[in-house]
Amino acid sequence: MLISGRGRNLQALIDACADGRIDGHIGVVVSSRADALGLARAQAAGIDTAVLSPRDHADRAAYDAALGALLDRYAPNIVALAGFMRILTPAFVGRYRGRMLNIHPSLLPRHPGLDTHRRALLAGDTEHGATVHFVTEQLDGGPRIIQGKLTVRPEDTPDSLAERVMHDIELKIYPQAVAWLARDELRMIDDRVWFRGRWL
Ligand code: GRF
């Protein structure tokens, strides 16, 4: 699993592995930042951790090569990104094509990139939410697997939306999507999503 921050999604996946909703375990948590709070969650759960700082690598290709070499030691079936603040090279994405997921805090294709809650409010969106998608070369643009929606309230702020999107949506839909992929109920084929015998 790849993180850069608080690791609330990581915790949801740890919990789902522990109680059997996900048929699998997390082999390693890699953070791009040494101060990511999520590292402590992984350590508390007895999961190997590693920090790969961009500062220690000459360029994106070198960073992604080091990341790939590290992950290969664990031979992961699934690579899950949550708040991993790095744009990945096509070579890295290609290596884990169909096995790499990301969660994004907006109703993609609306609001790819950063600051999604503020942008949803500024755009006057009446609905907002989060999306789990397969990772492709296109930033936040890979085939979508599952979305959760909420209704934006007049009194909402970026912070209140972030809180509700995280707790009401992200922490539910990410374990669900990972569970499907782990059970092979979900596949990406030619940039389309196949789920339980039909195309999404
Ligand atoms: C989440 O909102 C995720 O959707 C976004 O970054 C945030 C990560 O939070 N990509 P956490 O590290 O899971 O607490």
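1. Around the ligand of this predicted model there are 15 residues, and those that come nearest to the ligand are G5, R6, R8, N9 and G83. Sorted by class, the shell around the ligand is made up of six nonpolar, six polar and three charged residues.

2. As to where this shell comes from in the fold, at least two of its residues are supplied by each of three elements, namely the helix α1 (8–18), the strand β5 (100–104) and the helix α6 (158–182). A reader new to the structure may wish to locate these three elements before looking at single residues around the ligand.

3. The protein as a whole contains six helices and ten strands. Of the contacts between residues at least 6 apart in sequence, 62% join residues that are at least 24 apart.

4. On overall dimensions, the C-alpha trace spans about 50 × 40 × 35 Å along its principal axes. The radius of gyration of the protein is 16 Å, and this agrees with a compact globule, because a globule of that kind with 200 residues would have a value near 16 Å. Of the 200 residues of the protein, 35% count as buried.

5. Three places in the backbone deserve a separate look, and the background to them is that most residues other than glycine have a negative phi, while most peptide bonds are trans. The peptide bond that leads from L108 to P109 is cis, and its omega is near 10°. P109 itself is placed in the loop between β5 and α5 (116–122), and β5 is also one of the elements that supply at least two residues of the shell around the ligand.

6. A75 is not a glycine, yet its phi is positive, at about 45°. This residue is placed in the loop that lies between α3 (60–72) and β4 (79–82). Is A75 buried or exposed? A75 has 7 other C-beta atoms within 10 Å, and therefore it counts as exposed, since a residue is exposed if that number is 12 or fewer.

7. D191, likewise a residue other than glycine, has a positive phi, with a value near 60°. D191 is found in the loop between β8 (186–189) and β9 (192–195). With 12 other C-beta atoms within 10 Å, D191 is exposed, because the cut-off for an exposed residue is 12 or fewer such atoms.

Technical notes:
Residues numbered from 1 in each chain as written. Predicted model: local features only at pLDDT ≥ 70, side-chain atom pairs only at ≥ 80, totals over all residues. Near = placed C-beta within 6 Å. Helix = DSSP H or I, 4+ residues; strand = E, 2+ residues; numbered from the N terminus. Nonpolar A, V, L, I, M, F, W, Y, C, P; charged D, E, K, R; others polar. Rg over C-alpha atoms; globule rule 2.2 N^0.38 Å. Buried ≥ 20, exposed ≤ 12 C-beta atoms within 10 Å, placed from the backbone. Contact = placed C-beta atoms within 7 Å.
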